[in-house]
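User: I have a model open on my screen and would like to understand the labels people put on it. Could you walk me through the reasoning behind them?

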Amino acid sequence: MEVRTRRRVRDPAATREAILDAACILLAKDGLEGVSLSAVAHLAAVNRGTAYQHFETREKLIEATIQWVSDKLFRAVFGDPETVGERRVEEVDTAALTDRLCGFAMENPEICRVWLQQVLASPDPSQDPFWREYAGSLQRFADTRLAMPGIDAEVLAVMNLAGVFFWPIFARSHAANEDERNVLSHRFTHEILRLSMYGSMNAPRFPEVAERLAAEDGKPRV
C-alpha cells in the first residue's frame, strides 16, 4: 500500500504565536538574559531561520513579546480592545475589574513582573496599550466626582500594579494548591478594594462596594 506523507500546511500566524509563547516562557523563567532567537526557536519547535523571518533581531522579539503580554493583560482585564472607547468610567465595576486583574496576575506571575519592569523602564510607558488604558482609566476616574480630590493617577497606577504583580510571590510560597491560591488572591483583592474605597474613591458613591467589604470583613481568613 502506498503511504503518502502529508505536507505541513504553513500557518505564519500560528508560527508567530508559537514563537511568542516560547519567548514568553523563557522571559518568565530566565528573564531577559534567557531570551535568544535560537533558544526560542528550539522551544517553539521551529528552525532558527523561520524565527528570524518573523523577528529580525532579539530586541524586536523581546519588544513583540512584551506587546503580546500587554494584549493578553488587556483582554483579561478590560475585554476586547475594540470596545474600550464605549466604556464610561462611571459604569465600570471596580470590584470585578480588580478581581480579573488579580486573577490574571496569580496565574501569570513571572511574565507580569517582567512586563511591568519593561514598561516602567521604557522612555514612554504610554506606548504600551495596557498601561495606557489602566493609567488612563485611573486618570479619568480621578477627574470625576467619584474620586477624592488631588489623586496622582500615575503614582497610583504604579503602586497598584506593583502590589498586584508581586503578591503572587507570597501566595505561591504559602499556598499548597489552587484553592488556597484563590483564597489568597481574594484576600489581596479585598485589601486593594478597602484601601481604594477609603483612600482614592469617594466612598458614599460606591454603596455596593461598601456592602461587599462589610460582608467580607467579618469572615475568617484561611
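User: What makes Lys72 count as lying over the face of Trp68?

Analyst: Happy to help, and please keep in mind that this is a predicted model. Lys72 is 4.5 Å from the ring centre of Trp68. The cut-off for a charge over a ring is 6 Å, along with a limit of 35 degrees from the ring normal, and Lys72 is listed as lying over that face. Arg113 is another case, placed over the face of Phe166 at 5.9 Å from the ring centre.

User: Why is the aromatic pair of Phe141 and Phe206 called tilted?

Analyst: The planes of Phe141 and Phe206 meet at 55°. Stacked needs under 30 degrees and edge-to-face over 60, so an angle between those limits is called tilted. The centres are 6.4 Å apart, and the limit for pairing is 6.5 Å. The whole structure has 8 aromatic pairs.

User: Which parts of the chain does the pair of Phe141 and Phe206 tie together?

Analyst: Phe141 belongs to helix 7 (residues 129–142), while Phe206 sits in the loop between helix 9 (178–197) and helix 10 (207–217), so the pair links parts that are 65 residues apart in sequence. Both Phe141 and Phe206 are buried. Elsewhere, one aromatic cluster is formed by Phe74, Phe78, Trp115, Phe130, Tyr134 and Phe165.

User: How do you know that Cys102 is in no disulfide?

Analyst: The nearest cysteine sulfur to that of Cys102 belongs to Cys112, 11 Å away. A disulfide requires sulfurs within 2.5 Å, so Cys102 does not qualify. Cys112 is in no disulfide either, as its nearest cysteine sulfur, that of Cys24, is 8.9 Å away. Searching the whole structure gives 0 disulfides.

User: Why are Cys102 and Cys112 called buried?

Analyst: Cys102 has a relative accessible area of 4%, and Cys112 has 0%. Buried means under 20%, so both earn the label. Across the protein chain, buried residues make up 42% of the 222 residues.

User: What is the mean pLDDT of the protein chain, and over which residues does pLDDT stay under 50?

Analyst: The mean pLDDT is 86, and 91% of the residues reach 70 or more. Residues 1–9 stay under 50, and the model gives them 0 contacts beyond four places in sequence. Where pLDDT is low, the predicted coordinates should not be read in detail.

User: How many helices and strands does the protein chain have?

Analyst: The protein chain has 10 helices and 0 strands. Its C-alpha atoms fill a box of roughly 75 × 40 × 35 Å along the principal axes.

Terms used
Residues numbered from 1 in each chain as written. Predicted model: local features only at pLDDT ≥ 70, side-chain atom pairs only at ≥ 80, totals over all residues. Heavy atoms only, no water. Phe/Tyr/Trp six-rings, centres within 6.5 Å; stacked < 30°, edge-to-face > 60°. Helix = DSSP H or I, 4+ residues; strand = E, 2+ residues; numbered from the N terminus. Buried < 20%, exposed > 50% of the residue type's maximum accessible area, 1.4 Å probe, protein only. pLDDT = per-residue confidence, 0-100. Contact = heavy atoms within 4.5 Å.
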